[in-house]
Amino acid sequence: MQVSSLNEVKIYSLSAGRSLPEWLSDRKKRALQKKDVDVRRRIELIQDFEMPTVSTKIKVSRDGQYIMAVGTYKPRIRCFDTYQLSQKFERCLDSEVVTFEILSDDYSKIVFLQCGRFVEFHSQHGHYYRTRIPKFGRDFSYHYPSCDLYFVGASSEVYRLNLEQGRFLNSLQTDASESNVCDINPVHFLFAMGTAEGKVECWDPRTRNRVGLLDCALSSVTVDTEIDGLPSVSALKFDGALNMAVGTSTGQVLLYDLRSSNPLIVKDHHYGLPIKSIQFQRQLDLIISADSRIVKMWNKDTGKIFTSMEPEYEINDVCLYPNSGMLMTANEAPKMNIYYIPVLGPAPKWCSFLDSLTEELEENPESTVYDDYKFVTRKDLENLGLAHLIGSSLLRAYMHGFFMDIRLYHKAKMMANPFAYEEYRKEKIRQKIEETRAQRVQLKKLPKVNKELALKLIEEEGEEQHITRKRKQKNLPSLLKDDRFKIMFENPDFQVDEQSEEFRLLNPLVSKISEKRKRKLKVLEELEAQEQEEEEEPEGKASDAESSESSDDEKGWVEEVRKQRKLLRQEEKVKRQERFKEDQQTLLKPHFFEIKEGEEFRSFKDSAKKQKLMKKTLGDRLKLEEKLGTLNVSDTTVGSKQATFKLKK
């Protein structure tokens with residue numbers, strides 16, 4: 001996908017890139033996609049969206065589901081289903097198509113105007129009927145209220161064919177020698193036709209009389225325009241009930257209000273080529289006009305350019321997908337171009353993934369780099385002494401400067417500044433010094449909490465980096481830089497208690513492991529130094545030495561743990577003796593208790609009995625009350641039990 005930008009408007013060309021031949025097998029296509037990066041990165045929005053040689057016209061059905069295009073060679077029409085993103089059908093025709101119109105909402109009714117004076121009707125199943133008009137036709141329009149087809153061409157007459165009656169009606173007699181284009185207003189159905197003399201005639205289909213005449217050839221000539229010959233009307237398009245845009249053969253676009261004979265604005269393409277297509281974009285009040293070289297989008301109120309596109313091949317037709325930012329062109333090439341402009345509107349619902357794709361590209365922009373050319377301004381050329389090359393083939397004008405060959409630029413710069421190599425050498429030396437400074441040992445500030453643990457981790461990290469550098473392995477992440485353990489070096493609650501029993505029993509193991517690691521590092525360094533001088537030991541001796549070392553380490557660790565346990569037992573014994581002495585020195589003082597009002601103090605035994613009684617269950621308390629005589633439980637006649645209590649005094 002190719003991205004271009006003009007006036008800060010992003011244009012995504014979805015058909016850019018190489019296309020694969022049809023005769024290639026699926027296996028070869030997959031193999032080519034794996035090898036070629038350009039083929040793999042291309043976006044094929046609609047499968048096989050192309051013509052064998054040239055595409056001449058392209059249109060979208062009213063329901064938006066089908067895209068139809070005609071082209072050569074051989075003359076044919078291709079219908080593409082947007083819901084399936086593939087071609088639905090292809091039909092070959094007897095002669096080339098000048099233009100066509102879709103009469104129904106889908107592809108079921110189509111009318112073709114062919115170059116051999118033939119008018120061909122197609123239905124859903126295919127060819128339906130074929131007739132002929134008296135003169136060669138150039139354009140036609142369909143009048144929906146009366147079911148009439150209006151044909152204009154190499155004649156002064158406008159032929160009418162009624163599709164309801166199936167016969168030709170009386171033609172309209174005009175003052176023009178020939179007519180090129182025609183259109184019918186979608187609101188009040190006014191019929192307008194553009195003539196070869198540069199005039200636009202407006203007719204009322206109800207009365208079949210001419211109601212207006214515009215001299216566009218005279219209005220297109222302004223102070224800034226330069227024309228060769230008489231401008232004829234080459235494009236015509238209505239917008240709403242009152243606006244109409246007219247394109248001339250000399251490259252001007254005139255916007256009219258039907259209530260005035262003077263144009264509201266005249267826009268010149270400055271190429272001198274006939275205008276081939278005019279489209280209206282109502283959301284942003286834009287007019288999209290195209291000649292064979294360029295597609296321009298400009299504001300219909302001010303005439304200010306919005307953006308433009310220049311395809312590689314000549315343009316034959318432009319189609320704007322309704323209510324979206326997608327634009328399609330028919331070209332003098334097999335491939336039909338598809339452009340997506342997010343500013344004009346969202347992507348159609350059948351390719352809504354384009355919105356997320358373009359958003360990702362805008363978040364991660366890629367700068368365009370020209371490897372073989374250097375962009376220079378006029379001031380740069382004067383500094384290099386190449387100002388005399390302006391206007392020659394060695395410089396190509398672009399925006400506010402020029403593109404020139406990078407080899408010529410380097411030669412001119414060497415001649416203009418012979419000490420450039422010395423500056424380059426000094427810059428390289430400075431970069432080397434900065435790299436060596438970065439490799440120096442830098443003092444790291446220890447945290448406030450767990451300083452000993454942090455220092456130990458820094459030492460172990462340095463040892464691991466030394467090993468991974470030799471073995472060419474990836475460095476593991478540091479514990480000090482990990483956010484998950486950050487609080488361990490900030491919160492005092494995580495301070496390691498070195499006097500605790502767990503730490504003192506585990507500390508001999510940790511210290512032995514670090515000593516073992518250092519011993520292994522020394523052995524590795526000695527082996528690397530003596531690798532070229534001494535021979536390697538047999539595997540049996542090395543394994544015995546390792547086993548003996550490991551057994552010695554285990555014995556030392558066991559002895560150290562025993563010592564720590566003896567010390568812990570002695571400390572516990574001393575603590576118990578100190579607590580016993582403190583208990584003996586303490587004097588017991590009497591405690592006084594207050595009796596509640598209405599109660600008699602008998603003895604401490606009664607309170608003890610009450611506490612014991614409250615701890616018992618309800619069943620035990622009832623049995624005890626029954627023994628004392630304060631409770632009497634008896635059976636009733638119904639089967640239930642009756643309890644009688646005697647209150648205490």
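Glutamate 501 sits in helix α9, which covers residues 501-529. In this predicted model, the residue comes out as partly exposed, with a relative accessible area of 47%. Along the sequence, glutamate 501 and arginine 565 are 64 residues apart, yet in space their C-alpha atoms are 8.8 Å apart.

Helix α9 is one of 12 helices in the protein chain, which also has 34 strands. The chain runs to 649 residues, and 35% of them count as buried. As for how the chain folds back on itself, take the contacts between residues at least 6 apart in sequence: 44% of these join residues at least 24 apart. Confidence averages a pLDDT of 81 over the chain, with 79% of the residues scoring at least 70. Residues 534-547 are another matter: here the pLDDT is below 50, and the stretch makes one contact in the model beyond near neighbours in sequence.

Now for the nonpolar packing. In soluble globular proteins, nonpolar side chains tend to be buried together. The largest nonpolar core here counts 23 residues, and Phe49, Ile58, Met326 and Met328 have the most contacts inside it. Four strands each put in at least two residues, namely β3 (54-60), β4 (66-72), β28 (326-331) and β29 (337-340). Of these, β28 gives the largest share, with three residues. Methionine 326 has a long list of partners even when neighbours within four places in sequence are set aside; among them are Leu14, Leu45, Tyr321, Ile338, Trp350 and Leu354. A second core, separate from this one, has 15 residues, including Ile11, Met297, Leu320 and Leu344.

Strand β28 is also home to asparagine 331. This polar side chain's residue is buried, at a relative accessible area of 1%. Leaving out neighbours within four places in sequence, asparagine 331 touches Val54, Ser55, Tyr313, Glu314, Ile315, Asn316, Met336 and Asn337.Next come the aromatic rings, which make 11 pairs in the structure. One is the tilted pair of phenylalanine 89 and tyrosine 107, whose centres are 5.3 Å apart and whose planes meet at 50 degrees. This pair ties together distant parts of the chain: phenylalanine 89 belongs to strand β6 (residues 86-92), while tyrosine 107, 18 residues away, is in the loop between β7 (97-102) and β8 (110-114). Both phenylalanine 89 and tyrosine 107 are buried. Tyrosine 398 and phenylalanine 403 also make a tilted pair, because their ring centres are 5.3 Å apart with 40 degrees between the planes. In that pair, tyrosine 398 is partly exposed at 40% relative accessible area, whereas phenylalanine 403 is buried at 14%.

Back at phenylalanine 89, the ring is part of one aromatic cluster with Tyr66 and Tyr107. The face of phenylalanine 89 has arginine 91 lying over it, 4.2 Å from the ring centre. A similar arrangement turns up at phenylalanine 118, where the charged end of arginine 130 sits over the ring at 3.7 Å from its centre.

What about the cysteines? The structure holds zero disulfides. For cysteine 216, the closest cysteine sulfur belongs to cysteine 202 and is 9.0 Å away, so the two are too far apart for a bond. Cysteine 216 is buried, at 0% relative accessibility, while cysteine 92 is exposed, at 52%.

A few backbone details round things off. Threonine 72 and tyrosine 73 are joined by a cis peptide bond, with omega at about -10 degrees. Another cis bond joins tyrosine 73 to lysine 74, this time with omega at about 10 degrees. Tyrosine 73 lies in the loop between β4 and β5 (76-81), and lysine 74 is in the loop between β4 and β5 as well.

Positive phi values show up at two non-glycine residues described here. Arginine 208 has a phi of about 55 degrees and is placed in the loop between β17 (199-204) and β18 (209-215). Its relative accessible area is 43%, so arginine 208 is partly exposed. Aspartate 285 likewise has a positive phi of about 55 degrees, and its place is the loop between β23 (277-281) and β24 (286-290). Aspartate 285 is partly exposed too, at 32% relative accessible area.

Note on methods: Residues numbered from 1 in each chain as written. Predicted model: local features only at pLDDT ≥ 70, side-chain atom pairs only at ≥ 80, totals over all residues. Heavy atoms only, no water. Phe/Tyr/Trp six-rings, centres within 6.5 Å; stacked < 30°, edge-to-face > 60°. Buried < 20%, exposed > 50% of the residue type's maximum accessible area, 1.4 Å probe, protein only. Lys NZ or Arg CZ within 6 Å of the ring centre and 35° of its normal. Disulfide = S-S within 2.5 Å. Core = buried A, V, L, I, M, F, W, Y, C linked by side-chain atoms within 4.5 Å. Contact = heavy atoms within 4.5 Å. pLDDT = per-residue confidence, 0-100.
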